[in-house]
Every structure is written in C-alpha cells, then in structure tokens.
Number of protein chains: 2
Amino acid sequence: MSDKERDEVRQRRHKPVELDDIDRKILRELAKDASQSYAELSQSVHLSTAAVHDRVKRLKRDEVITGTVARLDGCKLGRTLLTFVLVDTSSYAATRELLAFNVRPDVEEIHSVAGDSSVMIKVRANDTESLEAFLMEVQRLEGVRSVRSYIALSTFLERGPIPD
Amino acid sequence: MSDKERDEVRQRRHKPVELDDIDRKILRELAKDASQSYAELSQSVHLSTAAVHDRVKRLKRDEVITGTVARLDGCKLGRTLLTFVLVDTSSYAATRELLAFNVRPDVEEIHSVAGDSSVMIKVRANDTESLEAFLMEVQRLEGVRSVRSYIALSTFLERGPIPD
DNA sequence: ACTGAAAGTTACTAAGG
DNA sequence: CCTTAGTAACTTTCAGT
C-alpha cells in the first residue's frame, strides 16, 4: 500500500471534514428540521439558494450528512419502556451473538463498550413483558456473565450528533 | 373536566395511535429514508400518491411522525468518543442540575433512570480531553455520588424508534 | 465560491367516482 | 381509497460574475 493510499484510507476513517461556520449552521438547521426548503435555509445563512444547494450536496457527498430520516414517537408506536441494557460477556464470541439482536424492531442501538468485553443495548420495548422476554433471551446466551438494566423514567433530551 | 375531555387528554398522553400494516410500512420507510418522494413511497405500499399523502399528513398530525431530521456522522464532525455516563445522585436537586447539560452540543441524550435517582447521559465528545472536562464538571456538582462511564468502542446499530 | 434566473420535479389540493 | 388535473412551491442546473 502506498503512502497516498494509506492516507486516503486514514482520511476516510478518521479525519473530520473541514467545515466553516456556514456549514455548521446549515448542519445544525438540518439536524433540527430537514423538511425546510433551500429558500428558508438560505435566509438563515444569508446565501443564495444555489449556494446552499451546493454546500448541502457537498456535505452529503462527504457523508457528513448520512441521510434524512423521520423521527417517530416511541409512545405513539406503543413502545413505552425505554431501557439501557449492559451485558457483560466472558468471550468475544458471546459479544458477536448479541449483534444478531439488530433484527429486532425494539432494539435501537448496539455498542461494544470498553471493559470486560461488554455490550450496551438500547431497547424500546412495548411493555414490561416484552422487556422481560428480551432480557431472558440475552441471559440465555452462552458466555453471558451478567445483565444490568437501566430503565428510563423520563427522557429530557434525545437527538443525534450536531456540530459545535 | 368532562369524561370526554379527560379521555382526550389521556389519549394524547398515553394511548398509542391505531396503525394498520400500510401505516407501519410507510413509517418504516420514512424512518429509513425520509427524502424519498410520495411517488416512490406509493410504489412501496401499492397505493396512489394521494392516498399516501393523506396518510403521512395524518401521521404527522397525530404526532406519530414528530419531525424530519438529517442524520450526521459524529466522526466527520470531529466527535470520535461516544460515551454513556451513568450518574448517581443523592437528591433530586442534583438530578435537576444535570438537566442543564442539554445546552452542550456534545450531549445527545439525558434520561432519568430507575434506582438510586440516577441519570443516564449519552455524550459524543471530540476527544479524551473534552470527555474528561465533561466528567469533571459532573463530578463537581453538589449531590453527585458516583459517575460511571461506558466508552463505546464500536457502534453496530444506531437508529430511532420503528414500528413492529 | 456565489448569484440570478431558467428549467424540470414534486407537493399539495380539489373534484368526481 | 382511486384517478385526474392543476397550481404553487420546490429542486436542480447553468451561464455569468
């Protein structure tokens, strides 16, 4: 692998994209409400619609913007029980098994976390019964040492990444 | 307050909205990609564009769809260190103080969780130094008993609520 | 890199079935 | 819930600065 190729990979993996104040303002606006038109956006940043269009296109090409999605209300969908589940496993094999839970519609996040080969799972279950069923499925896996659950009582903030 | 009024409030707060299979399909599609046109959506659900339009309008009115947002790449923004911070406080007053962290751009989620008046904070810091600065700010608060940090090594799934 | 305007699509509404 | 149709609003492109 040449220096150039390695640098390109490194850049793709690690290096943040260079953004100016206007880029950040656009990103903040779109992270808050992506349904607004380029005309509205252009007023926020004091640029023409075409200029905003170019910048948004670049931000999408550079994958700073990875997509546009609808935010849904968990309660209105019947998912009333948000829980963070911390699973401690004795092997990486068990950790890998946990990743298969990504097919469940009530599982929203899966992260491996530092320390004792653990996995953090954010699950929004319909009710206590389905949470219990989920926890039992996790417990049942080979190599699962412990499962700790943190049930959310109130949510005060919930959003995605935004720039400084 | 009349029975009718109370029921309306109750419905607004607790009762999930009645959804059929087509509604759920539309919601899944929009949660995945809200930039697609009604023409594309109508092909997914085998309905006319006008019918899809009506349904989406209803889903927004009923606040099943709470908004449309751009998903941003944390790494591309320079936020490389995702951490779940579990704060144990000795009083509700201290818990309330933690809510003030919602103004920080690196804090993405704040939930109160069951047991020992704890708070779960999801923070996506720029680097280890800014994470340390954040943790020290939390530690410094009156009534904070303990702070446990779970640093994410890899993220395998990260999305919002979707219907069954 | 931005502007202004033109060209092409889509969103939205309404009427009739 | 369907189709058709029509307008307004929006996205996208491009020549010009």
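Below, a trainee and a mentor talk through a predicted model of two protein chains with two DNA strands.

Trainee: What makes chain A a chain with domains?
Mentor: Chain A is divided into domain 1, residues 3-61, and domain 2, residues 75-151. These bounds come from an automatic or database domain assignment. The C-alpha centres of domain 1 and domain 2 of chain A lie 34 Å apart.

Trainee: What makes the sheet a closed barrel?
Mentor: Follow its eight strands: E2(A)-E4(A)-E3(A)-E5(B)-E2(B)-E4(B)-E3(B)-E5(A), with antiparallel pairing. Neighbouring strands of this sheet are turned by 35 degrees against each other on average, direction ignored.

Trainee: How do you know that E2 and E5 of chain A pair?
Mentor: Pairing needs at least two bridges. Strand E2 (residues 81-89) of chain A has seven bridges to strand E5 (residues 144-158) of chain A, so the two count as paired. They run antiparallel. For one position, look at A:Leu86, which stands opposite A:Arg148 in E5(A).

Trainee: What makes helix H5 of chain A a helix packed on the sheet?
Mentor: Contact means heavy atoms within 4.5 Å. Helix H5 (residues 92-99) of chain A touches E2, E3 (107-113) and E4 (118-125) of chain A, together with E5 (144-158) of chain B. The direction of H5 of chain A makes about 155 degrees with that of E2(A). Helix H5 (residues 92-99) of chain B also packs on the sheet. The strands that H5 of chain B touches are E5 of chain A and E2, E3 and E4 of chain B. Its direction makes about 155 degrees with that of E2(B).

Trainee: How do you know which residues are around DNA strand C?
Mentor: The test is a heavy atom within 4 Å of the strand. From chain A, A:Leu47, A:Ser48, A:Ala50, A:Ala51 and A:Arg55 pass. From chain B, B:Ser37, B:Tyr38, B:His53 and B:Lys57 pass. Helix H4 (49-61) of chain A and helix H4 (49-61) of chain B each give two or more residues to this surface. H4(A) gives the most, with three residues.

Trainee: What makes A:Arg55 a polar contact of DNA strand C?
Mentor: The limit is 3.5 Å between N or O atoms. A polar side-chain atom of A:Arg55 lies 2.7 Å from a phosphate oxygen of DNA strand C, so the pair qualifies. For the side chain of B:Tyr38 the distance to a phosphate oxygen is 3.2 Å. For B:Lys57 it is 3.5 Å, so that pair counts as well.

Trainee: Which parts of DNA strand C lie within 4 Å of the protein?
Mentor: Of those atoms, 83% belong to sugar or phosphate and the rest to bases. On the protein side, the surface has four nonpolar, three polar and two charged residues.

Trainee: How do you know that DNA strand D has polar contacts?
Mentor: Apply the 3.5 Å limit again. A backbone N or O atom of A:Tyr38 lies 2.9 Å from a phosphate oxygen of DNA strand D. The side chain of B:Ser48 has an N or O atom 3.0 Å from a phosphate oxygen of that strand. For the side chain of B:Arg55 the distance is 2.9 Å. These pairs therefore count as polar contacts.

Trainee: What classes of residue make up the surface near DNA strand D?
Mentor: Five nonpolar, three polar and two charged residues. Among them are A:Lys57 and B:Arg55.

Definitions and conventions:
Residues numbered from 1 in each chain as written. Chains lettered and ligands numbered in written order. Predicted model: local features only at pLDDT ≥ 70, side-chain atom pairs only at ≥ 80, totals over all residues. Heavy atoms only, no water. Helix = DSSP H or I, 4+ residues; strand = E, 2+ residues; numbered from the N terminus. Axes fitted to C-alpha atoms, helices over the stretch in contact; angles between N-to-C directions. Polar contact = N/O pair within 3.5 Å; in protein donor to acceptor, adjacent residues only side chain to side chain. Nonpolar A, V, L, I, M, F, W, Y, C, P; charged D, E, K, R; others polar.
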